[in-house]
Amino acid sequence: MAATRSPRGPVPHQQWLAHVAATCRGTVLDLGAGNGTLGRLLPATTRWIALEPHPTSSLRSRVAERSGSRLLTAPAEAIPLEDASVDVIVCATVLCSVHDPAQVLREAHRVLTPEGVMHVSEHVAAPAGTWARRIQRLATPLTKLLDRGCDPCRDTTTVLEASPFRDVTLTQARYPGLLGQIGPLIRGTASW
C-alpha cells in the first residue's frame, strides 16, 4: 500500500504522540522509548513497557514513577517478550536508526496481539534524484554518528509494506520549513 499524501502539514510530534497515547489500551510497547515521553502521556489504566537499548536516567525515572511499567534494555531486533503479549506498539523515529528495520517489524508483529495496532511516525528518504535526497545522503555520516545511528535515506515505507503486517495505512507529509523539504515524514498504523 503506497503512502497517501496529507493535504496539510503534519501535527507537531508531541501533539501526535499525545493523540496516539490517548487511544492506547492494555499493554503498550514503546519501541525506542528515548526519554520516556510516551509513558507520561499514556492513560493510567495502561501497562507501559519501555524498550530502549541505551536508557537515559530520565527514562529510568519515568519507568520507576509509573506503577506497572517495565524497562527492557534490549535492541528492537530481539524484543524479549512472549508472542502476542502486547496490545499496542508505538514506533516513533526508531526504524531510521535500528540495524535491521525488517527484523524489527517481524519482532513487532510477533509480540503484537492479532487485535492490536502499531502506530508509526518516521522520517523517510526524500524521492530519489531530488536535491533533498542529495542533502540527506551528505548528512547521513553525521546523523549516524550524532543521532544514534539515524539514516535519513532509509525507504521505511517500502520496509513497512513488505513486513508481515497485512493492514498498513500511511500518510506522507513534510515538516514545515527548510528541514521539511529535506526530510519527508510518514505516519500511520499497521495491524495484523
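At 0% relative accessibility, leucine 112 counts as buried, and this residue offers a convenient way into what is a predicted model. Leucine 112 belongs to strand S6, and, once residues up to four places away in sequence are set aside, it touches Ala84, Val86, Asp87, Val88, Ile89, Val117, Met118, Phe165 and Trp192. A further relation across the sequence links leucine 112 with glutamate 82, since the two are 30 residues apart along the chain while their C-alpha atoms are 9.3 Å apart in space.

From this residue the view can be widened to the whole chain, which contains seven helices and eight strands. Of its 192 residues, 47% count as buried, and the chain exposes about 9,400 Å², of which carbon and sulfur atoms supply 57%. Where contacts join residues at least 6 apart in sequence, 60% of them are between residues at least 24 apart.

The interior is described next. The largest nonpolar core has 29 residues, and those with the most contacts inside it are Leu29, Leu31, Ile89, Met118 and Leu160. Two or more residues of this core come from each of strand S2 (27-31), strand S3 (47-51), strand S5 (86-92), helix H4 (101-111), strand S6 (112-123), strand S7 (167-174) and strand S8 (184-191), with H4 giving the largest share, four residues. A second, separate core is made of 16 residues, including Cys24, Leu42, Ala50 and Val90. Leucine 31, which is among the residues with the most contacts inside the largest core, is in contact with Leu51, Ala76, Ile79, Ile89, Val90, Cys91, Val94 and Val104, leaving aside neighbours within four places in sequence.

Helix H1 (residues 13-23) shows how burial can be distributed around a helix, its buried residues being Trp16, Leu17, Val20 and Ala21. These residues cover an arc of only 135° around the axis, and they therefore lie on the same side of H1. The partners against which the buried residues of H1 pack are helix H2 (37-41), S5, S6 and S8.

Helix H4 and the loop that leads to it can be read together. Within helix H4 is glutamate 107, which counts as buried because its relative accessibility, 11%, falls under the 20% limit for that class. Not counting residues up to four places away in sequence, glutamate 107 touches Ala76, Glu77, Ala78 and Ile79. Aspartate 100, by comparison, lies in the loop between S5 and H4, and its relative accessible area of 32% makes it partly exposed. Beyond its neighbours within four places in sequence, aspartate 100 is in contact with Glu77 and Arg106; its C-alpha atom is 8.9 Å from that of alanine 76, although 24 residues separate the two in sequence.

The surface, finally, has a nonpolar feature of its own. Leucine 142 is situated in helix H5 (residues 131-146), and it is exposed because its relative accessible area, 52%, is over the 50% limit for that class. Together with Leu145 and Leu146, Leu142 forms a nonpolar patch on the surface, the three having about 370 Å² of accessible area together. The path through the model thus runs from leucine 112, buried at 0% relative accessibility, to leucine 142, exposed at 52%.

How values were computed: Residues numbered from 1 in each chain as written. Predicted model: local features only at pLDDT ≥ 70, side-chain atom pairs only at ≥ 80, totals over all residues. Heavy atoms only, no water. Patch = residues over 30% accessible without salt bridge, like charges linked within 9 Å, V, L, I, M, F, W, Y side chains within 5 Å. Areas by Shrake-Rupley, 256 points an atom, 1.4 Å probe, with all protein chains shown as cover. Salt bridge = Lys/Arg side-chain N within 4 Å of Asp/Glu carboxyl O. Buried < 20%, exposed > 50% of the residue type's maximum accessible area, 1.4 Å probe, protein only. Contact = heavy atoms within 4.5 Å. Core = buried A, V, L, I, M, F, W, Y, C linked by side-chain atoms within 4.5 Å. Arc of directions from axis to C-beta.
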